[in-house]
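Colleague: Walk me through this one, please. I'd like the reasoning behind each label, not just the label.

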Amino acid sequence: MASILQFQIQSDMRSAWHHLASSSIRSFNPSSLLLPRVAPPRRAFRSYSPSFLPTTSFSPDSKEPLVKLPGKPSICTADELHYVSLPNSNWRLALWRYNPPPQAPTRNHPLLLLSGVGTNAIGYDLSPGSSFARYMSDQGFDTWILEVRGAGLSVEGSNFEEIQQSANAVSEEMETVAKNAINGTPSGEKQLANVSAGLSDSDPSSLKEDLTGIATVWDESQLVTKLTETFMRLSERLSGFLSEGQLKMMSAKLFDQISKLLEDSQVSEHFNEVRANLSSLLETQQNSSIAGQIRDLSQRLVNIIEEGQRSVSPQFFDMQERLFSTIEDFQKQLDLIVKYDWDFDHYLEEDVPTAMEYIRGQTRPKDGKLLAIGHSMGGILLYAMLSRCGYEGKQPRLAAVVTLASSLDYTSSKSTLKLLLPLADPAQALNVPVVPLGALLSATYPLSTRPPYALAWLNNLISSDDMMHPELLKKLVLNNFCTIPAKLILQLTTAFREGGLCDRNGKFFYKDHIHKSNVPVLALAGDRDLICPPEAVEETVKLFPENLVTYKVCGEPQGPHYAHYDLVGGRLAVEQVYPCIIEFLTHHDS
């Protein structure tokens with residue numbers, strides 16, 4: 001049965017992707033995938049002194065700390081929106097803050113909420129009547145939701161005006177996508193088509209306007225420059241991102257694309273000689289001499305192709321147009337790889353610690369600790385932090401942790417996330433540098449909610465039958481998901497291999513050191529969770545000392561049932577799940 005479901009899911013997803021992409025535009029614009037980026041505001045502290053803030057909350061371009069936007073974008077339903085600077089990066093992480101009301105119980109620790117992969121803060125705050133974050137703040141917890149880099153309102157930039165402008169632009173974009181999906185305007189389809197077009201074979205027609213007047217006349221200098229830039233970017237810009245093997249794969253891919261234009265021609269042998277020399281140079285540390293050699297070889301490559309252009313063979317008639325198209329598409333793919341250049345360990349080692357230090361500086365708990373709740377990947381991040389700190393003999397500075405539908409090891413389960421395993425092949429990841437989850441779900445939303453309900457099964461991955469109001473499920477699907485780097489998915493797929501989730505180097509297995517943690521943990525699972533089934537959750541729970549872990553499966557044999565998101569936003573969660581969490585947090589808040 002599981003294999004049948006897996007086949008159906010894979011088949012339906014491929015069909016939906018193909019249908020949507022083929023029915024939309026073919027031009028590829030990487031910027032259409034990205035919500036506008038911004039710069040960090042100067043933060044106006046309320047009653048806090050800058051001396052209490054960590055250095056990570058300061059802008060590299062300003063001595064003034066970055067704190068709170070005076071006016072929130074319309075999509076943000078928190079009481080406050082803060083931004084914190086990410087060290088050694090231009091990213092500014094968004095923190096949604098929910099202040100406890102005056103009549104709420106007094107608590108000793110602030111509460112940090114971490115979301116799942118490719119999701120933003122909206123999942124924790126769908127509406128006033130269905131808000132996990134607001135419920136926690138009403139119980140007295142100073143509640144913060146972190147949006148990691150690339151998610152939600154987190155942006156890139158360097159000054160207050162840019163952050164304000166970009167945050168508003170992101171908000172408007174999210175609301176527009178949702179509105180268009182509801183009204184039947186295929187904005188999600190266009191985004192999806194842009195990705196598909198960029199990762200498929202080149203379509204010369206998309207460049208005809210730019211190439212008018214040069215399709216039949218060689219512009220050697222322009223072509224040499226384009227080739228040189230492409231090869232230099234492969235060698236320089238990607239050297240810190242790709243391993244040596246991946247770099248070889250990317251260069252081989254470009255050479256293969258050019259080679260197809262020359263196959264069966266009399267110049268193919270000369271091209272292969274140049275290809276070998278260029279490949280060797282791309283693997284060498286860059287200096288001015290190497291750069292000159294790359295340009296010389298690019299010139300020689302152009303000369304070889306020009307030789308073919310002068311031949312009478314019809315296959316060379318539109319050679320320059322086709323070559324320009326190949327190079328343009330390849331460069332756009334490189335741009336995506338460089339743009340989305342982070343993985344799970346970046347979140348673990350940079351995003352989460354930076355946010356935690358900022359929250360400590362704002363709230364100043366007496367013991368310096370936070371409470372934390374993580375859903376899906378958010379819980380995996382908390383597990384990994386406990387493991388890493390246990391291994392290093394450090395204190396994670398967490399008073400208690402709650403995980404919702406999370407595990408470090410999925411090998412024993414029938415999780416539908418195993419569909420991502422094909423991306424575990426580095427070559428596949430380079431062919432698909434990003435997974436536009438938000439655009440994909442927005443585009444397929446009509447197919448899951450309207451006759452003939454071709455993709456209705458997608459809803460069951462998110463929520464069990466009758467567990468969410470249709471309008472809230474719609475908002476979740478249309479506004480909660482983002483674009484995911486293949487680099488991040490690559491690392492997460494290690495959770496489906498022997499040993500469970502490991503670091504980017506494949507040497508540190510997080511489950512091996514989880515038993516060294518001394519932080520109390522409440523682990524909750526949903527009985528109908530197809531993404532993180534109870535057996536996957538239990539696989540991690542059993543590694544903790546028994547006196548430190550509490551495990552519960554939510555759901556009853558005759559119903560209600562809990563799918564992956566129902567633990568956070570199901571209609572009965574406020575009665576059956578939230579009280580359990582509050583009791584646990586209260587016990588460990590003293």
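**Strands and pairing**

Modeller: Let's start in the sheet: strand β3 (residues 111–114) and β4 run parallel, joined by four bridges. Bear in mind that this is a predicted model.

Colleague: What makes β3 and β4 a pair?

Modeller: Pairing takes at least two bridges between the strands, and β3 and β4 have four. They therefore qualify as a pair. Leu113, for instance, has Ile145 in β4 as its bridge partner.

Colleague: In which sense do β2 and β4 pair?

Modeller: Antiparallel, over five bridges, with β2 spanning residues 91–98. Leu95 is bridged to Leu146 of β4 there.

Colleague: How do you know that β4 is mostly covered?

Modeller: Five of the five residues in β4 (143–147) are buried. Thr143, Ile145 and Glu147 point one way, Trp144 and Leu146 the other, and all of them are buried.

Colleague: Which elements make a β-α-β unit with β4, and what is its hand?

Modeller: β3, helix α2 (residues 132–138) and β4, and the unit is right-handed. It earns that word because, with the strands pointing away from you, the path from the first strand over the helix to the second runs clockwise.

Colleague: What does β3 pair with besides β4, for example β6, and over how many bridges?

Modeller: β3 and β6 pair in the parallel sense over four bridges, and Leu114 stands opposite Gly374 of β6. β6 also runs parallel to strand β7 (residues 398–404), with six bridges joining them. In β7, Val402 is the bridge partner of Ile373. From β6 the chain crosses through α11 to β7, again as a right-handed β-α-β crossover.

Colleague: How many residues of β6 are buried?

Modeller: Six of six, over residues 370–375. Leu370, Ala372 and Gly374 are on one side and Leu371, Ile373 and His375 on the other, and both faces are covered.

**Core and helix α20**

Colleague: Why is Ile581 called buried?

Modeller: Its relative accessible area is 0% and the cut-off for buried is under 20%, so Ile581 is clearly in. Ile581 lies in helix α20.

Colleague: What is Ile581 in contact with?

Modeller: Beyond four places in sequence, its partners are Phe132, Met136, Ile373, Val402, Leu404, Leu522 and Leu524. Take Leu524: it is 57 residues away along the chain, yet the C-alpha atoms of Ile581 and Leu524 are separated by 9.2 Å.

Colleague: What puts the buried residues of α20 on the same side?

Modeller: In α20 (residues 578–587) the buried ones are Tyr578, Ile581, Ile582, Phe584 and Leu585. They share a side because they cover an arc of only 165° around the axis. Glu583 and His587, on the other side of α20, are exposed.

Colleague: Which residues have the most contacts inside the largest nonpolar core?

Modeller: Trp96, Phe132, Phe344, Leu398 and Ile581, in a core of 118 residues. Helix α11 (residues 377–392) gives the most to this core, nine residues. Phe344 touches, among others, Met377, Ile380, Leu381 and Ala384, as well as Leu488 and Tyr510. As a general rule, nonpolar side chains in soluble globular proteins tend to be buried together.

**Odd backbone angles**

Colleague: Why is Asn88 called exposed?

Modeller: The bar is over 50% and Asn88 has 86% relative accessibility, so the label holds. Asn88 is in the loop between β1 (80–85) and β2, and its phi is near 55°, positive in a residue other than glycine.

Colleague: And why is Arg364 partly exposed?

Modeller: Its relative accessible area is 37%, which is neither under 20% nor over 50%, so Arg364 falls in between. Arg364 sits in the loop between α10 (344–363) and β6, and has a positive phi of about 50°.

Colleague: What makes the peptide bond from Gly559 to Pro560 cis?

Modeller: Its omega is near 0°. Pro560 is in the loop between β11 (549–554) and α18 (566–569). Most peptide bonds are trans, and most residues other than glycine have a negative phi.

**Confidence**

Colleague: What is the mean pLDDT of the chain?

Modeller: 74, with 56% of the residues at 70 or more. Residues 186–190 are below 50, and that stretch has ten contacts in the model beyond near neighbours in sequence. Residues 312–317 are also under 50, with 15 contacts beyond four places in sequence.

Conventions:
Residues are numbered from 1 along each chain as its sequence is written. This is a predicted model: local features need pLDDT of at least 70, side-chain atom pairs count only at pLDDT 80 or more; totals for chains, interfaces and linings use all residues. Side-chain values use heavy atoms; hydrogens and water are left out. A nonpolar core is a set of buried Ala, Val, Leu, Ile, Met, Phe, Trp, Tyr and Cys residues joined through side-chain atoms within 4.5 Å. Buried means under 20% relative accessible area, exposed over 50%, partly exposed in between (1.4 Å probe, protein chains only). Helices (H or I, at least four residues) and strands (E, at least two) are DSSP runs, numbered from the N terminus. Contact means heavy atoms within 4.5 Å. pLDDT is the predictor's confidence in each residue, from 0 to 100. The arc is that of the directions from the helix axis to the C-beta atoms.
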